[in-house]
Structures are given as structure tokens and as C-alpha cells.
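Pull up the model and keep the sequence beside it while you read. We'll go through it one spot at a time.

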Amino acid sequence: MLEQKPYGLVLFEHETGDAKAVQLLSEFHHAGRSVPFILLTENVDEGTVAELIRSGNWNCVAKSQLDGATLVRSIRGALAMHCMQEEQRSAEDSLRKLSRAVEQSPDTVVITDRKGVIEYVNPAFEGLTGYVHDEVYGKTPRILKSGEQGPETYQDMWKTILAGKVFRGILVNRKKNGDLYYVEESICPVRDGGGEITHFIANGRDLTERLRLEAQLLQAQKMDAVGRLAGGVAHDFNNLLTIITSYSELALDDIPEDSRLASRIQEVLLAAKRAAELTRQLLAFSRKQPQALRIVDLNPVIAGISKTLPRLIGEDVEFSFIPGQGLGPVRVDPVQIDQILMNLAANARDAMPQGGRLRIETSSVDLDEDYIHDKPAAIPLGHYAVITVSDNGCGIPREDVPHIFEPFYSTKAPGKGTGLGLATVYGIVKQNKGYIWVYSEPASGTVFKIYLPCVGKRPPEQKSSKEAAISAGTETLLLVEDERAVRKASAEFLAMLGYKVLEAKDGVDALAVAKQYGGPIHLLVTDVVMPNMSGGELAKRLGSISRDIKFLFVSGYAGKTVLDHNVMDLETNFLQKPYSLKQLAAKIRVALEAGSPAGERQPASKR
């Protein structure tokens, strides 16, 4: 019956020797059933009464003394006792739940007395700080003080909580091992029954990882902003360099080659060429250039960047480049090789604050089974060109070496590094189908080795600028350039080569010039980024009018910006500023002859 229906009170008549009934009563009680029992019995000894009480009985009334008043009094007493025990059981259950919640909370919980002496910490606190309960019990939270906050922070905190208010703020604390961590702290007072503050309870949430990710995002945004700025500066600088080189070339055409004035103008051209290299490095730093793979010999590429690196690393670092012999050609983007070496050189400089030595070497190696045996990097067998960059700086701690290529991982002090340099190097090496290996010893230096697979054939030998033929022609060109000085110099030079040149200052003006001319236009030579109408849109408009017109795009912006303006083929119909007039003439000839039968090509002439 007890299992089938709930009862508020049970009157249990017990006969001496009824052990079975006592057992059933005990099992019912220990099964968690909470029902008050009153035992009606006669002639029982103390041992039996104790056994009945242990089994869950609430009261015992002798049947011989049973009357109405006694029974009512016993029932009321049993019900009152039952109510009190239910309240106690509920309170104990709530305390257990609260204790489990605090113990299992992922946030730190610290309880102190009114003076700030620690009385309790939960496991989350132990896991975060490294201190166990016995190490902090009886001490104050000053053991976590990092020195990163001024005394006014703590003064404000105590003023707030002693006034009975809740303090909220982000604190920088120090772990047992010395590491800093950021915690969002909420501290509130605990009052007694009279309203007096007796304790404080602090709840803390670890913000270290979140703030690290936010800092990474901010750094990435700053790098992107720097990249945009670099691209914009490079555009303006490239236009100025194009003007300098163009008018210098025109001036050279009007004076004898062996004159003193010619040698001086040649110096201007050399300076402009060096400035163009600096612009290219700026674009490489901004990472706005798309990958332009070429088959090259590494030695000339590295020799070029080696002229810039000493200015980057400083005069107190001894720099040397040792080119190897017999290197096979590799298929890479030369700009990205520059970027790799700039990042590695910058890292080496930071590792040698008092100066040191930085050396770049190239070599050729055939990887066979014997060579790669027991090597930590998994590199396929084959023929490789190897770039070795070594320094004698402070080295990299052994525990950091496995992580140095991870984005935003930096061994430098906060604010001293982005954590992107070596990640960029790794990404570029992989993009060029290569492999990178690092070895470092603290206080001895670091060695990076980059393995780039060789390709089957060498690039064709390039003729020098003096030997190169300047291609002339008689076709009609529409030259569109918003920079007047660039447009005038280019138009004058192309007209001297025999071309008929129509000039326009932007896309809208070019459409009007083409309409007014009326005759066939063989080639559109246009800047890409212009006011009113872009070069890509202009090409689309003119292409719909004349299907025979061909295109050559020029720009001082980085290649990515050019691609965004629908200029798809950077190899055949794009020329990056700054360029020489001879380069412009050669590129125009290539664009005009692209897709034409051999017999229809215009003859070339030397100038």
C-alpha cells in the first residue's frame, strides 16, 4: 500500500518478535520515502525500540496508554518533526548543490574575510593561478599582484566594496610561475543577519585568450592598413619615377653618348632604378602583389635584395652574401624571395641588439636516401637550390622552435613583434613548393635552410638594354594616362618611333577621342586606376565598339589592385610602373603582335 499511494502519516502496530515488519519499515525508509511513522506497541525492550528508531520510526506509543489526547499529541509531534526534517533535508540539498556549483565553476571563486584574508578558493582558481588551497589559505590576494596596475586601482576597489557596492573591472595578475593573466573580476560583499559586512566573494573570468585573439585581430588590421598605405605611396612614387626615367631617356636621345652630360643623366637613371627597387620592396612588404612565377637563377635575385638588406639590419651587423656555384634554375616569384629574406634579416637583427654577423649562402644539393636519413624535415628526393640564412644572435629557446612558424606566435616582448614574420616566410616557401628547416641554439645563433626544387631548363639569357632592339611601328595607339607628365613623355617617344598617338586624360575623354577620330585604333594603352572611369571599364567599352582593338594596361598600383579592375593577364598585357620608355615600346610591340599571324607582324627596327 505504501508503494502504491502517498500517505501523510502511518500508524504502525508492532507485535513483539515481528522482525519482518521492522525490516520492511527500514527498507522503506532507506529507499528515500519520507513519511512520518508512529509505532503502536506493548512490552518492548530498549534494544527493540532503538532498532525501530533506526529503521525510521518517529514516535512510539504504548497501546495500553493510548487515548484520544495522547494520540492527537503524538500525531502533531510527528508531523511537526517531519516538517522540520524536510526543511533541513531541503537546506542540506541546496547547500550541496551550491557547493558543487562553486567547486565545478569554470570561473575562479575566492572568499575572504573583511580584512581580505583568503578563506576559500575553488579548483578553477588553483588551475588558473597554479596555487593550491593550502598555499593561499590565510594569505591575501596580494600574492597575485603583478605590478601592472597602479595603487589607485586597488584603492578604488577597496573603497567600492567597503561601501557595500559591487566592484567590476579587468585586472592583470601574476601566476605562481610568473606568467601574467587577465581576469574580469567581480567582487561583492557578504553580510550577516544584522546587515554587517563579514566577507567578500570574488568571481573571476580568465580573459587572457580572448584578449590575445583581439590583439591579433587588431595587429592584422594594422598590418592591412599599413599595406594599403604602402600600396598608395608606391603608386604615387611609381608615377614620379616614370616621369624621371622617361624625360631622362628623352634627354639622352638628344645629346652625344660620350658627353659629360650623358654620364650625369645616366646617374639619374641609375638612381631612379634603385628607387624603383625600394618601391618594389615596399610592395613586397605590403603583400599586395599577386604571385608572378618565373624560372630564375637565385643568385642574381638574392644579389639584388642584398643591396637593400644592410640598410634594414643596421651598420652594426656585418652582412655577407656567398653565392654558390652550379645552382639549378627554380620556379619562384622573385618578389616573394625578397620578402622571405627581408623577414629573416629583420628577425636576425632583433636577435643581435649589440650587433653581430648575418650571412646568406646559396648552394646546390641532390637529396638522396643517405642525405635525408634522420633529418627532422620530410623533404622528397630530388635536386634543390638551397638558401641558407645564418646569424650569431641570441638564438631561439628549444621549447619555442616547434611553434615559430605559427601565426602570431612571437618570442619577443609584447609590442616588439607581430608574430607574422616567420609565418609569412613559411607560407611563401610552401606556396613556391619549397621546404624550410631551422636549427637554433640559445646564445649561439640560428640557421634557416630553404629548399626550392629545381626545374628542368634554365631561363633564356636576357640581352642587355644596350643590345635590346627598340621596336618601332606605324599603328595607331590611344594613350590614356591621368598623369600629364607621364602621358606627354610617352607620347613624344612613341611618336618618334613612328606610331600615331592619340592622347586622353581619362576613360571618358578616351571614348570622346576615339569617337572623334573615327579611324581604326590598333592598341589601347591605358592606366588602370583613373578618375571617372577605370582602364578595365574603358577597355570593355572600346572592345564592344571595335573587336580588333588590343589592350595594354599600365599602373603604379600593386598587382592585386590591378586584378580587382578586371585586368586578368598580367604577363602579356600589363606593364608595372615605373618603366623605361624602351620597356614600354617593347611591351607595345608584344601586345600588338599577340595572336597575329607571323606574316602580319610589323617589322622591328633599331633606334
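**Rings, turns and charges**

Let's begin with F200, which is buried at a relative accessible area of just 3%. Keep in mind as you look around that this is a predicted model.

Now for the ring pairs. Y384 and Y451 make an edge-to-face aromatic pair, with 6.1 Å from centre to centre and 85° between the planes. This pair links distant parts of the chain: Y384 sits in strand 13 (residues 382-391) and Y451 in strand 15 (residues 445-453), 67 residues apart. Are these two tyrosines buried or exposed? Y384 has a relative accessibility of 5%, so it counts as buried, given that the cut-off for buried is under 20%. Y451 is buried as well, with a relative accessible area of 5%. There is a third ring to find here, since ring pairs link Y384, Y435 and Y451 into a cluster.

Back to F200 and its partner. The structure holds five aromatic pairs. One of them is formed by W158 and F200, again edge-to-face, at 5.9 Å centre to centre and with 90° between the planes. What does this pair tie together? W158 belongs to helix 6 (residues 151-162) and F200 to strand 8 (residues 197-206), so the contact ties together parts that are 42 residues apart in sequence. While F200 is buried, W158 is partly exposed, with a relative accessible area of 31%.

Next, have a look at the backbone. Most residues other than glycine have a negative phi, and most peptide bonds are trans. With that in mind, check K433, a residue other than glycine whose phi is positive, near 65°. Where is K433? You'll find K433 in the loop between helix 13 (421-431) and strand 14 (435-441). K433 is exposed, at a relative accessible area of 61%.

A443 is another one to check: it is not a glycine, yet its phi is positive, at about 70°. A443 is in the loop between strand 14 and strand 15. Its relative accessibility is 70%, so A443 counts as exposed, the cut-off for that being over 50%.

Then there's the peptide bond from K577 to P578, which is cis, with omega near 0°. To find P578, go to the loop between strand 20 (574-576) and helix 18 (581-593).

Another loop worth a visit holds K175, between strand 6 (167-174) and strand 7 (180-191). At 25% relative accessibility, K175 counts as partly exposed. What separates the C-alpha atoms of K175 and Y131? The separation is 7.9 Å, although these residues are 44 apart along the chain.

Finish at the surface, with the charges. Which residues form a positive patch there? The patch is made of K273, R274, K307 and R311. Take K307 as your way in: its place is the loop between helix 9 (298-306) and helix 10 (309-313). K307 is exposed, having a relative accessible area of 65%. A residue needs over 30% relative accessible area and no salt bridge to join a patch, and the 65% of K307 is the value to hold against that area cut-off.

Definitions and conventions: Residues numbered from 1 in each chain as written. Predicted model: local features only at pLDDT ≥ 70, side-chain atom pairs only at ≥ 80, totals over all residues. Heavy atoms only, no water. Patch = residues over 30% accessible without salt bridge, like charges linked within 9 Å, V, L, I, M, F, W, Y side chains within 5 Å. Areas by Shrake-Rupley, 256 points an atom, 1.4 Å probe, with all protein chains shown as cover. Salt bridge = Lys/Arg side-chain N within 4 Å of Asp/Glu carboxyl O. Lys, Arg positive; Asp, Glu negative; His and termini not counted. Charge placed at Lys NZ, Arg CZ, Asp CG, Glu CD. Helix = DSSP H or I, 4+ residues; strand = E, 2+ residues; numbered from the N terminus. Buried < 20%, exposed > 50% of the residue type's maximum accessible area, 1.4 Å probe, protein only. Phe/Tyr/Trp six-rings, centres within 6.5 Å; stacked < 30°, edge-to-face > 60°.
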